[in-house]
Amino acid sequence: MAEPYLSLLVKPAGPDCNLDCTYCFYRCKAALYPETKRHRMSLEVLERFIADYLRMRFPHTSFGWQGGEPTLMGLDFFRHAVDLQRKYASPEQVVTNGLQTNAMLIDKDWARFCAEENFLVGVSLDGPADIHDYYRLTPGGKPSWQRVMEGVERLKEAGAEFNILAMATPKSAACPERIYDFFMEQGLYFLQFIPCVELDPNTGRIADYTARPQDYGRFLCRIFDRWIADDWQRVYIRMFNDILMAYRVGTQPTCIMQPTCLGAIVIEHNGDAYACDFFVEPEWRLGNVMETTLRKMSASPTMQRFRERKRDLAAKCRKCRWLWLCNGSCVKERLVVGAADAPSYLCEGLRAFFAHTEPGFRALARRIEAEERMQMEREGMQVADPRPNDPCPCGSGKKYKRCCMHRAR
């Protein structure tokens with residue numbers, strides 16, 4: 001059996017951050033490390049896991065640098081990380097880096113580095129100033145939007161590749177078109193809309209900054225209508241493009257929409273490793289990179305149990321017509337309603353979104369399929385019909401033999 005692919009999410013500054021966002025789910029992880037108030041990864045830990053990961057010899061190796069705020073480590077730390085990647089990578093390996101940041105510290109030097117070293121930068125930006133600053137303030141309670149926008153401009157000027165990570169909250173769910181127009185006006189065409197699903201740590205109930213499922217569903221539907229009408233060829237919205245892939249080939253790469261949790265290991269500042277950044281807690285600790293190899297942690301019973309528990313679906317989910325798209329969504333979204341085998345908190349909104357967008361996704365999948373076939377014919381390439389058990393190119397989600405095969409000739 002082939003070794004499962006593994007990607008890394010690295011938190012070099014742990015939960016430390018230069019913002020104090022209301023909805024942050026990671027700030028509380030400082031309680032796991034009470035021995036210090038300032039969390040910083042040592043160069044020894046850095047070299048250990050980089051060398052270990054690259055020696056696994058995956059053709060493609062992916063490092064995701066997150067936080068907290070990873071840029072608190074300083075630019076020299078990341079220059080050293082890149083040097084170590086070059087040192088330990090074999091010639092045939094492709095090494096990629098992603099940096100998720102609030103962009104508060106992105107100056108010209110940072111932007112130039114990200115461009116030159118091909119870092120894909122994910123910038124947290126919720127929309128116009130009043131929406132963004134509603135939740136994303138400094139520890140002193142000051143707004144952050146202006147500095148974030150300055151960081152975005154630096155990335156543009158340097159030619160760095162970046163996308164926008166926008167949280168879907170009650171504030172944003174109320175004005176999807178305004179948010180969408182803002183991003184279009186700013187020329188920000190690579191977007192992710194991430195639902196904020198959190199419990200209030202004080203009450204144990206759904207937090208006020210979590211959008212209601214029906215509001216989240218409407219938010220997605222209204223943005224989809226704008227996107228598919230005018231912008232699907234120039235605007236990349238991760239959820240939409242991933243679902244379009246599912247309509248075309250039957251599967252999609254999004255972690256939360258897979259049948260099992262994917263192989264991402266989170267590495268904290270001191271080398272502790274966990275099964276997922278939503279579950280950095282003692283139950284899901286896999287070990288420490290200074291003591292255990294990533295290969296052993298990835299194959300450990302704890303990691304296997306974590307991956308497989310996503311399959312434990314509610315009866316409602318097993319009967320749902322959208323199971324092939326959703327697969328029960330993220331376990332975190334189930335736990336906020338009480339159990340890992342419960343339907344997702346967002347279920348009502350997701351079902352409404354899937355139903356609303358099905359005709360559009362199917363039509364778009366057929367259009368792309370037809371254009372690709374015509375292009376292949378123009379280039380003199382032989383165009384083969386799908387095999388009977390392949391996903392039907394019409395985007396129905398059914399096998400070709402149970403859908404359009406009988407109409408193909």
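1. Rings of Phe, Tyr and Trp count as a pair if their centres lie within 6.5 Å, the six-membered ring being the one used for Trp. With that rule, ring pairs join Phe49, Tyr53, Phe58, Phe63, Trp65, Phe77, Phe78, Trp110, Phe113 and Phe119 into a cluster. A search of the whole structure gives 34 aromatic pairs. Please keep in mind that this is a predicted model.

2. Two rings have a charged group over them. The charged end of Arg309 is placed over the ring of Phe279, at 4.6 Å from its centre. Lys332 lies over the face of Phe25, and here the distance to the ring centre is 4.7 Å.

3. The nonpolar interior comes next. The largest nonpolar core contains 113 residues. Leu8, Phe49, Trp65, Phe183, Trp227, Phe240 and Phe353 have the most contacts inside that core. Phe49 and Trp65 also belong to the ring cluster of point 1. A second core, separate from the largest, has 6 residues, among them Leu9, Tyr26, Val266 and Val280.

4. What does Trp227 contact, once its neighbours within four places in sequence are left aside? The list is Tyr180, Trp232, Val235, Ile237, Phe240, Asn241, Phe361 and Leu364. Of these, Phe240 is also among the residues with the most contacts inside the largest core.

5. How many disulfides does the structure hold? The count is 0. Cys276 is in no disulfide, and the nearest cysteine sulfur, that of Cys330, is 6.3 Å away. A disulfide needs two cysteine sulfur atoms within 2.5 Å, so the 6.3 Å between the sulfurs of Cys276 and Cys330 does not qualify. Cys320 is likewise in no disulfide; its nearest cysteine sulfur belongs to Cys347, at 6.2 Å.

6. Are these two cysteines buried or exposed? Cys276 counts as buried because its relative accessibility is 16%, and the limit for buried is under 20%. Cys320 has a relative accessible area of 24%, so it is partly exposed.

7. Asn327 is in the loop between helix H13 (323-326) and helix H14 (331-335). Its relative accessible area is 15%, so Asn327 is buried. A polar atom of the Asn327 side chain lies 2.9 Å from the backbone oxygen of Met257. Not counting residues up to four places away in sequence, Asn327 touches Met257, Gln258, Pro259, Lys310, Leu313 and Arg334. Met257 therefore appears both in the polar pair and in the list of residues touched.

8. The backbone has some points to check by eye. Most residues other than glycine have a negative phi, and most peptide bonds are trans. The peptide bond from Gly67 to Gly68 is cis, with omega near 10°. Gly68 is in the loop between strand E2 (60-65) and helix H2 (75-88).

9. Which residues other than glycine have a positive phi? Arg57 is one of them, with a phi of about 60°. Arg57 is located in the loop between helix H1 (43-54) and E2, and it is partly exposed because its relative accessible area is 40%. Asn118 is another, with phi near 60°. The loop that holds Asn118 runs between helix H3 (108-116) and strand E4 (119-124). Asn118 is exposed, with a relative accessible area of 64%.

Terms used:
Residues are numbered from 1 along each chain as its sequence is written. This is a predicted model: local features need pLDDT of at least 70, side-chain atom pairs count only at pLDDT 80 or more; totals for chains, interfaces and linings use all residues. Side-chain values use heavy atoms; hydrogens and water are left out. Rings of Phe, Tyr and Trp (its six-membered ring) pair if their centres lie within 6.5 Å; planes under 30 degrees apart count as stacked, over 60 as edge-to-face and the rest as tilted. A charge sits over a ring if NZ of Lys or CZ of Arg is within 6 Å of the ring centre and within 35 degrees of the ring normal. A nonpolar core is a set of buried Ala, Val, Leu, Ile, Met, Phe, Trp, Tyr and Cys residues joined through side-chain atoms within 4.5 Å. Buried means under 20% relative accessible area, exposed over 50%, partly exposed in between (1.4 Å probe, protein chains only). Contact means heavy atoms within 4.5 Å. Helices (H or I, at least four residues) and strands (E, at least two) are DSSP runs, numbered from the N terminus. A polar contact is a pair of N or O atoms within 3.5 Å; within protein, one must be able to donate a hydrogen and the other to accept it, and residues adjacent in sequence count only if both atoms are side-chain atoms.
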